[in-house]
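Subject: Structure for your set

Hello,

Here is the structure you were due to receive. Please look through it first; my notes follow below.

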Amino acid sequence: MDQVANRLAGEINQTHKKMSWFEIKNYLYAVIPTGLLSGLIFWFLTHFFA
């Protein structure tokens with residue numbers, strides 16, 4: 001049982017190392033405005049030129 005708990009704790013720590021909250025926050029700051037801007041451009045093109 002201890003082996004399972006240790007392995008699970010190791011997996012959790014490895015996941016935290018892969019992507020920290022700081023990296024997730026920066027990713028969202030980059031992706032959300034880009035998505036909104038591209039959606040706005042697409043709406044503008046389809047609304048006025050389609």
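The secondary structure of the chain consists of 2 helices and 0 strands. Please keep in mind that this is a predicted model.

Overall shape

The radius of gyration of the chain is 21 Å, whereas a compact globule of 50 residues would come out near 10 Å. Along the principal axes, the C-alpha atoms occupy a box of roughly 65 × 20 × 10 Å. One pair of residues gives a sense of the spacing: V31 and A50 are separated by 19 residues in sequence and by 27 Å in space, C-alpha to C-alpha.

Exposure

How much of the chain is buried? Of the 50 residues, 0% count as buried. The accessible area of the chain is about 5000 Å², and 69% of that comes from carbon and sulfur atoms. V31, a residue of helix 2, is partly exposed because its relative accessibility is 38%, between the cut-offs of 20% and 50%.

The nonpolar patch

A nonpolar patch on the surface is formed by L37, L40, I41, W43, F44, L45, F48 and F49. Together these residues have about 890 Å² of accessible area. F49 belongs to helix 2, which covers residues 21–49. With a relative accessibility of 65%, F49 is over the 50% cut-off and therefore counts as exposed. Two other members of the patch fall into the middle class: W43 is partly exposed because its relative accessible area is 46%, and F44 is partly exposed because its value is 41%.

Aromatic pairs

How many aromatic pairs does a search of the whole structure find? The search returns 3. One of them joins W43 and F48, edge-to-face, with 6.3 Å centre to centre and 80 degrees between the planes. Another joins F44 and F48; this pair is tilted, at 4.9 Å centre to centre and with 55 degrees between the planes. Both F44 and F48 sit in helix 2, and the 4 residues from one to the other make about one turn of the helix. Ring pairs connect W43, F44, F48 and F49 into a cluster, and these residues are also among the members of the nonpolar patch.

In brief, the main items are the radius of gyration of 21 Å, the 0% of residues that are buried, and the cluster of W43, F44, F48 and F49.

Regards

Terms used: Residues numbered from 1 in each chain as written. Predicted model: local features only at pLDDT ≥ 70, side-chain atom pairs only at ≥ 80, totals over all residues. Heavy atoms only, no water. Patch = residues over 30% accessible without salt bridge, like charges linked within 9 Å, V, L, I, M, F, W, Y side chains within 5 Å. Areas by Shrake-Rupley, 256 points an atom, 1.4 Å probe, with all protein chains shown as cover. Salt bridge = Lys/Arg side-chain N within 4 Å of Asp/Glu carboxyl O. Buried < 20%, exposed > 50% of the residue type's maximum accessible area, 1.4 Å probe, protein only. Rg over C-alpha atoms; globule rule 2.2 N^0.38 Å. Phe/Tyr/Trp six-rings, centres within 6.5 Å; stacked < 30°, edge-to-face > 60°.
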